[in-house]
Amino acid sequence: MEKVVIIGAGISGLAVAYRLKRLGIPSLVLEASSRPGGVIATTRRKGFLFETGPQFPRFPAPLWQLVRELNLDGEFVAGNSAANRYILRHGQLHPAPFSPMGVIKTRLVGISSKLRILADPFGYSQPPDHEESLAEFIRRKFGPEILDNLVDPFISTVFLGDASKMGMESAFPALVEWERRKGSLLRGALSARKAQRNPSAQVAAAPRPSVRAGTRVGTNGNGNKLHVTEALPALGSFKSGMAILPEHLADELGRAVRYNITVAAIAPSRPSDASAISNWQISLSDGTSISTEHVVLAVPAHVASIFLARSAPEIASLLGGIEYAPICVVSSAYNRSAVRNTLDGFGFLVPRSEGLQTICTFWNSSLFSGRAPEGNVVITTFAGREGSSGVVDQARDAFVRAVDVENSQVLGISGAPLDREVSEDPRALPQYNVGHALRVKKISATLRSLPNLHLAGNYLSGRSIGECVDVANRVAEDLHSQLEVPVI
Ligand SMILES: Cc1cc2nc3c(=O)[nH]c(=O)nc-3n(C[C@H](O)[C@H](O)[C@H](O)COP(=O)(O)OP(=O)(O)OC[C@H]3O[C@@H](n4cnc5c(N)ncnc54)[C@H](O)[C@@H]3O)c2cc1C
């Protein structure tokens, strides 16, 4: 009988196990693949460094604390957050506007759209009484051109999201609250910032509801949750790539992490008829099973849904209904002389109206040194939007060739890449679509009837690595408080 079993050795599962270890609680981590990290994946080959997961995440406090504890701060490399980002429009790259002057100067939208952005602080509007999609919100506030040419490319890049499906309350609760409280995004943002500086002020009063650790949901009224702006400016990585973070975590945990072990299902089992508390029986795909007091599911929601389909169909159905976006990541190395573009900046983003497979192309070796040997470059493309013919239904080689053609046209690349790494995932990232916040609340409520079952992962209260670590810390602290021997 194990005390705590964690299923999944992505950043969420590893961070739960690591925090538990620091709190003095041993755990066992079961991982289906042969390596730690889940979607965080770095390949180092012949002097090139290819990232096929996160490229340059933000490092908010919970993540930075972990980096420091693992003594990885010497490995950290900060990217230039002011580096130019470009947006493709009619085949040409235009600087993305990040300031009022940038908005005035940009050729990505016309004068009437610019005036609508600049007029927001002087106007007054209220959100509707139902959850709007992001597309509805932007059209109502700023018009379709802003949606198509400025918002869509960022949403597609950061969240792999579709603005017509993303829910405002689910993905951007702070923006809804700013508009509700102040009638304008800018006035709301300034007021929330003021309240943050002065915590006794009433504006950010509503606390985030906490249901069970790891499933804290809904962030209405919380001015701290700035998914949009936080996702964009600050960025960093490690000299030897993002995978060093889960690799170090796994090293710290040693033999507590077991690879190539695929979980098939889990079910509660009562230790005795009189007992109100369940243990959990974990069935593995090889036919064996493991018993544990507590189980933490740190796998994607659709996998957790399969685990629970027979034993807890209600929560399984809620978990199974969370949509995921597909992605194909193509990371390619070229001789510098084969690329006409100067690659001066962060990379370029593509509005879906351009009709390309490419969502964005990052210029990795421009942001960080050590990504390619002298005289070479590495670029990485995210491609294959949800709903477009592509990542899911095209042959992989044909799809990658299409990406090559698009990059060649935009960046003036001649010839084939020197080396490359391709990864595809039909369900890469959960989507916080309309109704997601409500669904997560129901998941949390249903979880109360399943003692000793805990959820961690990126479908609960944020998709970033920092948010996954934050959720993981809360799961571990909750477990610690439950497992502590009561003082009599
Ligand atoms: C392409 C891409 C780019 C991203 N970019 C950024 C970024 O720039 N910044 C940022 O902060 N975040 C980014 N993210 C998001 C972030 O990386 C993820 O949300 C986070 O890493 C998810 O970690 P996780 O541990 O919750 O899930 P996962 O990484 O999915 O880990 C789940 C683990 O469970 C294992 N597993 C699955 N099924 C089973 C089973 N049956 N039995 C046992 N184990 C199983 C899997 O093998 C996997 O290791 C990006 C994500 C993607 C996909």
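This report describes the ligand site, the salt bridges and one enclosed helix of a predicted model.

## The ligand site

The ligand is surrounded by 32 residues, and the closest of them are Ser12, Glu31, Asn458, Arg463 and Ile465. Classified by residue type, this shell comprises 20 nonpolar, 10 polar and two charged residues.

Contacts between N or O atoms of the protein and the ligand involve both backbone and side chain. The side chain of Asn458 places an N or O atom 2.8 Å from an oxygen atom of the ligand. An oxygen atom of the ligand also lies 2.8 Å from a backbone N or O atom of Ile465. At Val263, a backbone N or O atom is 3.0 Å from a nitrogen atom of the ligand. On its own the ligand has 1000 Å² of accessible area, of which the protein covers 86%.

Several secondary-structure elements contribute to the shell. At least two shell residues come from each of α1 (11-22), α12 (301-308), β17 (419-430) and α17 (465-483). In terms of domains, the ligand lies between domain 1 (2-40 + 243-322 + 433-483) and domain 2 (78-82 + 324-430), because both give residues to the shell around it.

## Salt bridges

The model contains 21 salt bridges. Three of these pairs are set out below with the distance between their N and O atoms.

| Acidic residue | Basic residue | N to O distance |
|---|---|---|
| Asp73 | Arg68 | 3.1 Å |
| Glu424 | Arg396 | 3.1 Å |
| Asp404 | Arg420 | 2.5 Å |

The partners differ in their accessibility. In the pair formed by Asp73 and Arg68, Asp73 is partly exposed at 33% relative accessibility, and Arg68 is partly exposed at 47%.

Helix α15 and strand β17 are joined by the two other tabulated pairs. Arg396 forms a salt bridge with Glu424. This pair links distant parts of the chain, with Arg396 in helix α15 (residues 396-411) and Glu424 in strand β17, 28 residues apart. Arg396 has a relative accessible area of 37% and is therefore partly exposed; Glu424, at 32% relative accessibility, also counts as partly exposed.

Asp404 and Arg420 form a salt bridge as well, their closest N and O atoms being 2.5 Å apart. Here too distant parts of the chain are linked: Asp404 belongs to helix α15 and Arg420 to strand β17, with their positions 16 residues apart in the numbering. Asp404 is buried, since its relative accessible area is 16% and the limit for burial is under 20%. Arg420 has a relative accessible area of 21% and is partly exposed. Strand β17, which holds Arg420, also supplies at least two residues of the ligand shell.

Beyond these pairs, a network of salt bridges links Asp120, Glu132, Arg140, Lys141 and Glu179.

## Helix α8

Glu179, a member of that network, is one of the buried residues of helix α8. Helix α8 (residues 173-182) is largely enclosed by the rest of the structure, because seven of its 10 residues are buried. The buried residues are Pro173, Ala174, Leu175, Val176, Glu177, Trp178 and Glu179. Just after α8, Gly183 adopts a positive phi of about 75°.

Technical notes:
Residues numbered from 1 in each chain as written. Predicted model: local features only at pLDDT ≥ 70, side-chain atom pairs only at ≥ 80, totals over all residues. Heavy atoms only, no water. Near = heavy atom within 4 Å. Polar contact = N/O pair within 3.5 Å; in protein donor to acceptor, adjacent residues only side chain to side chain. Areas by Shrake-Rupley, 256 points an atom, 1.4 Å probe, with all protein chains shown as cover. Helix = DSSP H or I, 4+ residues; strand = E, 2+ residues; numbered from the N terminus. Nonpolar A, V, L, I, M, F, W, Y, C, P; charged D, E, K, R; others polar. Domains from an automatic or database assignment. Salt bridge = Lys/Arg side-chain N within 4 Å of Asp/Glu carboxyl O. Buried < 20%, exposed > 50% of the residue type's maximum accessible area, 1.4 Å probe, protein only.
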